[in-house]
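Thanks, everyone. I would like to take a few minutes on the salt bridges and then on the pockets of the model that I am about to put on the screen.

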Amino acid sequence: MKVDVVSPAVGRLEPARLGAVADTLAAAAVASLPWSTTATGVLIALWLIVLIPTLDIDAVKRAILSPAGGLPALLWLIAVVGMLWADASLAERLKGLEPFHKLLAIPLLLAQFRRSGHARWVSTGFLISCTLLLIASYAHALTWGMMHWAGLPGVPVKDYITQSGVFAICILGLLYAFVDAWRAGRRRLALALAGLAALFVADIVYVTTSRTTLVAIPILIIVFGWMRLGAKGTLALVAGCAAIVTILWVSSPYMRFRVSSVVNEVSQYQAEDAATSSGLRMEFWRKSLQFVAQAPLMGHGTGTIHALFSKAVSPGSGASSVASSNPHQQIFAVAIQLGLIGAVVLLAMWIAHLLMFAQVGFVAWCGLIVVTQNVVGSMFNSHLSDFTQGWLYVFGVGVFGGALLKQSVLSGRFASAAPVTSAVSNPA
């Protein structure tokens, strides 16, 4: 009788193979984010199925006990407890809890990519995906009138806020890579990176502009200059960018319209209660402050936002008559439901993630881009609760945070091994 013997080496390789598949699925999920919500959901489900058998329980515990992984889990736990006092149906409470579920993936990703060496798969896949979307955006804009495409010209999928947001991430990542390539004397590569970044900028300026992105990019440029170029370099960078912005402002009537329309929209809202984009935000923020004041410490409970806004509508057709399930501001979205307790945990989580990435290096810079953009964007939208921006934040923190942890472990090993190596090579 023939007996099949499985080599122990093969058995040891199986978790490694599953780990590589999990890394690939994570990269695929991030690459799909600019394009499709459905595809991303399926890929995340597959990623979890493959990842869970490979997880190191001790590594997950370490991630949860750290501020970077523990605070997202704590915010989710508070949201679960917040269901107890919510004056809403069970379906509404569960729906209100859904946006918090993704936070539980952060400690899992920290544990996964602390072990993995494939964080670059994620960043490379995301850049390739966004470059393809950039090509599609230009094609869509150029053929919009002839082909009678649906939606806005230059926005072939999803929405202009998402598209401008992911393009901004690419611009700032390419800026870092450009500086590294230029300093290394790789001028052709540097010019190619600068050219690609310029195409992303042109799309935001001339094709479809998100006003939130226009706020985030200058902040990120200043942060980049301060971290990489010093005070004098930052001033030179800001001066150069100011000159470029002046040229873009003069040459882009579309961008001028998008920026200047904010003043008109606010004026119409204040004078006529007009339901303009900026007017609706101001109305939602005004009502949100009232809701928070009514239950400042613990909030109204998870899943109560829509009911509160529905009860606060006024007769007529203006901004005050619009009900919403989204206050378009992340701190309000948390504080309405979970009070100041939840808002403090949210702010602490953002601070912990910003501090984790406040160091030099491309991996840290990628994480800092994602966190900073989410924090800035969350002042005008509920980006952490949104599907695309929320998952982009989760993967950005988890993947690049895990990669930084791996780097710190390796550097610690090399540092501890250095005296031994020195003693062997130079015996007394």
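In this predicted model, Glu-283, Arg-286 and Lys-287 are joined in a network of salt bridges, and I will take its two contacts one after the other. In the contact between Arg-286 and Glu-283, the closest N and O atoms are 2.6 Å apart, and both residues sit in helix H13, which covers residues 277-294, at a spacing of 3 residues, or about one turn of the helix. In the contact between Lys-287 and Glu-283, the closest N and O atoms are 3.4 Å apart, and here the two residues, again both in helix H13, are 4 residues apart, which is also about one turn of the helix.

How buried or exposed are these partners? Glu-283 has a relative accessible area of 2% and is therefore buried, and Lys-287 is buried as well, whereas Arg-286, at 39% relative accessibility, counts as partly exposed.

The count of salt bridges comes to 4 by the rule applied here, and another of them pairs Arg-228 with Asp-180, with the closest N and O atoms 3.0 Å apart. Because Arg-228 belongs to helix H10 and Asp-180 to helix H8, this pair ties together parts that are 48 residues apart in sequence. Arg-228 counts as buried, at 14% relative accessibility, while Asp-180, with a relative accessible area of 33%, is partly exposed.

Let me turn to the pockets. The largest pocket has a volume of about 910 Å³, and its lining consists of 31 residues, with Val-201, Ile-217, Ile-221, Cys-241 and Ile-244 lying nearest its centre. Helices H8, H9, H10, H11 and H12 each supply at least two residues of that lining, and the largest share, 9 residues, comes from H11. By residue class, the lining of the largest pocket divides into 30 nonpolar, 1 polar and no charged residues.

The second largest pocket holds about 580 Å³ of space and is lined by 26 residues, of which Ser-123, Thr-124, Leu-127, Phe-362 and Cys-366 lie nearest its centre. Two or more lining residues come from each of helices H7, H8, H9, H16 and H17, and H7 gives the most, with 8 residues. What is the make-up of the lining of the second largest pocket, by nonpolar, polar and charged residues? That lining divides into 19 nonpolar, 5 polar and 2 charged residues.

Note on methods: Residues numbered from 1 in each chain as written. Predicted model: local features only at pLDDT ≥ 70, side-chain atom pairs only at ≥ 80, totals over all residues. Heavy atoms only, no water. 1 Å grid on protein atoms, 1.4 Å probe; cavity = no way out; pocket = protein on both sides within 12 Å on 5 of 7 lines; lining within 4 Å. Points joined across faces, edges and corners; volume = space filled by probe spheres on them. Nonpolar A, V, L, I, M, F, W, Y, C, P; charged D, E, K, R; others polar. Salt bridge = Lys/Arg side-chain N within 4 Å of Asp/Glu carboxyl O. Buried < 20%, exposed > 50% of the residue type's maximum accessible area, 1.4 Å probe, protein only.
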